[in-house]
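Thanks for sending this one over. Here are my notes, written as numbered points so you can follow them with the model open beside you.

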Amino acid sequence: MEEQGKALLELSGSVEHVIYHNDKNQYTVLELAAREGLVTVWGPPLCSEGEELRIYGTWQSHPLRDQFKAETFERARPA
């Protein structure tokens with residue numbers, strides 16, 4: 001997937017924990033249980049714990065650990 005001329009990476013998993021959410025601008029920080037392990041993701045709108053997501057974005061450096069910046073996402077459809 002590409003957005004604004006840059007290739008986006010895909011990360012899939014289940015929302016483990018919503019760390020922070022701002023209702024005014026829909027900014028969210030969450031922990032995603034992905035194949036790569038527990039990943040901090042920021043940028044997607046509010047999601048519920050346990051929800052399955054496919055997130056497209058880029059890795060960003062952070063002093064504590066690398067984080068995944070979501071550019072866009074899809075909610076998994078129930079089976």
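1. Let me start with strand 5 and strand 7 (residues 67-75), which pair in the parallel sense over two bridges. On this seam, valine 41 has phenylalanine 68 in strand 7 as its bridge partner, and tryptophan 42 is matched with lysine 69 of strand 7. Please keep in mind throughout that this is a predicted model.

2. Where does that pairing fit in the whole fold? Five strands close into a barrel in the order 3-4-5-7-6, and the pairing is mixed. From one strand to the next, the twist averages 55 degrees. The secondary structure of the protein chain comes to zero helices and seven strands, giving the pattern β-β-β-β-β-β-β along the sequence.

3. Next, have a look at strand 3 (9-21) and strand 4 (28-34). Strand 3 and strand 4 pair in the antiparallel sense over seven bridges, and histidine 21 stands opposite threonine 28 in strand 4. The two strands form a hairpin with six residues between them.

4. Which residue in that turn has a positive phi? The residue is glutamine 26, with a phi of about 65 degrees although it is not a glycine. Most residues other than glycine have a negative phi. Glutamine 26 is found in the loop between strand 3 and strand 4 and is partly exposed, with a relative accessible area of 36%. I would point to this residue when you walk someone through the loop.

5. On the other side of strand 4, six bridges join strand 4 to strand 5, and the two run antiparallel. Among the matched residues, glutamate 31 has threonine 40 in strand 5 as its bridge partner, and alanine 34 is partnered by glycine 37 of strand 5. A hairpin connects strand 4 to strand 5 through two residues.

6. Is strand 4 mostly covered or mostly open? Strand 4 is mostly covered, with six of its seven residues buried. For the protein chain as a whole, buried residues make up 34% of the 79 residues.

7. Now for the aromatic residues. The structure holds three aromatic pairs. One of them brings together tyrosine 27 and tryptophan 42, with ring centres 6.2 Å apart and planes at 50 degrees, so the pair is tilted. Tyrosine 27 lies in the loop between strand 3 and strand 4, while tryptophan 42 is in strand 5 (residues 37-42), so this pair ties together parts that are 15 residues apart in sequence. Tyrosine 27 is partly exposed, with a relative accessible area of 31%. Ring pairs also bring in Tyr20, linking Tyr20, Tyr27 and Trp42 into a cluster. Tryptophan 42 is thus a handy residue to select in the viewer: besides its ring pair with tyrosine 27, there is its bridge to lysine 69 in strand 7.

8. Threonine 58 deserves a stop too. This residue lies in strand 6 (residues 52-60), and at 16% relative accessibility it counts as buried, because the cut-off for buried is under 20%. The side chain of threonine 58 makes a polar contact of 2.8 Å with the side chain of glutamine 60. Leaving aside neighbours within four places in sequence, threonine 58 is in contact with Ala7, Leu8, Gln67, Phe68 and Lys69.

9. Two of those contacts, Phe68 and Lys69, will be familiar from my opening point. Phenylalanine 68 is the bridge partner of valine 41, and lysine 69 is the bridge partner of tryptophan 42.

10. Is leucine 8, another contact of threonine 58, buried or exposed? Leucine 8 is buried, with a relative accessible area of 8%. Its place is in the loop between strand 2 (6-7) and strand 3. The C-alpha atoms of leucine 8 and isoleucine 55 are separated by 9.4 Å, with their positions 47 residues apart along the chain.

11. Finally, two values for the whole chain. Of the contacts with a separation of 6 or more, 40% are between residues 24 or more positions apart. The accessible surface of the protein chain comes to about 5,300 Å², of which 48% belongs to carbon and sulfur atoms.

Terms used:
Residues are numbered from 1 along each chain as its sequence is written. This is a predicted model: local features need pLDDT of at least 70, side-chain atom pairs count only at pLDDT 80 or more; totals for chains, interfaces and linings use all residues. Side-chain values use heavy atoms; hydrogens and water are left out. Helices (H or I, at least four residues) and strands (E, at least two) are DSSP runs, numbered from the N terminus. Buried means under 20% relative accessible area, exposed over 50%, partly exposed in between (1.4 Å probe, protein chains only). Rings of Phe, Tyr and Trp (its six-membered ring) pair if their centres lie within 6.5 Å; planes under 30 degrees apart count as stacked, over 60 as edge-to-face and the rest as tilted. Two strands pair if DSSP finds at least two bridges between them. Axes are lines fitted to C-alpha atoms, for helices over the stretch in contact, and angles run from 0 to 180 degrees between N-to-C directions. A polar contact is a pair of N or O atoms within 3.5 Å; within protein, one must be able to donate a hydrogen and the other to accept it, and residues adjacent in sequence count only if both atoms are side-chain atoms. Contact means heavy atoms within 4.5 Å. Accessible areas come from the Shrake-Rupley method with a 1.4 Å probe; for residues, only the protein chains shown count as cover.
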